[in-house]
Amino acid sequence: MEIRMKIMHLIRGGDSGGAKTHLFTLLDELQKYVECEVVCLIPGVFYREILDKDIKTTLFPQKNRFDLSVVKKIKNLIEEDGVDILHVHGAMANFIAQFLKKKIDIPIVTTMHSDYLLDFDTFFKKIVFTALNAASLRKINYFIAVSDNFKSMLMERKFRPNGIYTVYNGMQFANVPKEVTPKEEFAARYGLKLEKDVVYIGIAARFDAVKGVDIFIEGASKLYEKNKKVRFLIAGDGEMRDQLK
């Protein structure tokens with residue numbers, strides 16, 4: 001009988017951007033080699049979409065961000081399922097992980113999907129949640145940085161160097177079209193009229209402060225003042241939609 005490693009992934013459950021894409025891609029391939037399961041803390045976009053996948057998923061809904069009743073539930077599930085590694089993603093999962101660390105005797109690893117000092121945009125969130133996340137990360141021993149820059153960032157902030165590993169995000173090429181859509185066809189699809197001798201510059205990103213779409217718009221404005229032969233396309237959605245508009 002083959003005995004395979006068991007990995008539990010803990011994520012808040014409302015993720016709709018890069019973290020969701022990263023984890024979905026990771027799980028699709030990782031399941032070929034180890035047993036995986038997922039725990040979510042809210043019934044958000046990530047949770048609803050992962051239910052379509054053939055992977056054990058458990059929802060332990062929190063009443064609020066500081067509801068620690070889920071810690072015991074996750075601990076019990078880890079013990080019942082014989083989990084070997086807990087892999088956490090995001091600020092909320094990091095926060096829960098620091099309390100789980102005292103109750104479980106397995107390695108905990110977190111993936112750094114972004115600069116944790118830039119994850120929250122409002123004044124209150126920056127003061128409270130950024131500080132909580134930074135403190136939580138100090139309690140975790142192992143880090144996966146999705147780029148060498150993030151690894152360097154952690155080292156500069158005095159995280160233990162031999163606990164940090166660079167693993168670039170995987171990409172799923174199975175469904176990539178063999179032919180690229182012509183620019184004219186793309187423009188027609190969205191009701192855009194292409195102009196001759198004009199350069200088109202685009203950005204596709206979630207409309208959150210950390211993505212810097214506001215900086216793109218400011219740069220676009222300055223460039224357009226000097227060169228009228230440019231047009232800018234923005235694709236995405238998010239909480240800052242009205243503000244960016």
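**Exercise 1.** In this predicted model, find which residue forms a salt bridge with Arg206.

*Solution.* Start at the side chain of Arg206 and look for a carboxyl oxygen within 4 Å of a nitrogen. Asp208 supplies it: the closest N and O atoms of Arg206 and Asp208 are 2.6 Å apart. Next, check the surroundings of Arg206. Its relative accessible area is 25%, and partly exposed covers the range between 20% and 50%, so Arg206 is partly exposed.

**Exercise 2.** Work out where in the chain the partners Asp28 and Lys53 lie.

*Solution.* First, confirm the contact: the side chains of Asp28 and Lys53 meet in a salt bridge, with 3.0 Å from N to O. Then place each partner. Asp28 belongs to helix H1 (residues 18-30), while Lys53 sits in the loop between helix H2 (45-50) and strand E3 (56-59). The two are 25 residues apart, and the pair links distant parts of the chain. Finally, look at accessibility: Asp28 has 33% and counts as partly exposed, and Lys53, at 26%, counts as partly exposed too.

**Exercise 3.** Decide whether Asp237 is buried or partly exposed, and do likewise for Arg241.

*Solution.* Begin with the pair itself: Asp237 and Arg241 form a salt bridge, their closest N and O atoms being 3.5 Å apart. Buried would need a value under 20%. Asp237 has a relative accessible area of 46%, so Asp237 is partly exposed. Arg241, at 38%, counts as partly exposed. Elsewhere, Glu37, Lys56 and Asp81 are joined into one network by salt bridges that share partners.

**Exercise 4.** State how many salt bridges a search of the whole structure finds.

*Solution.* The search finds 11. Among them is the Asp28 and Lys53 pair you met above.

Notes:
Residues are numbered from 1 along each chain as its sequence is written. This is a predicted model: local features need pLDDT of at least 70, side-chain atom pairs count only at pLDDT 80 or more; totals for chains, interfaces and linings use all residues. Side-chain values use heavy atoms; hydrogens and water are left out. Helices (H or I, at least four residues) and strands (E, at least two) are DSSP runs, numbered from the N terminus. Buried means under 20% relative accessible area, exposed over 50%, partly exposed in between (1.4 Å probe, protein chains only).
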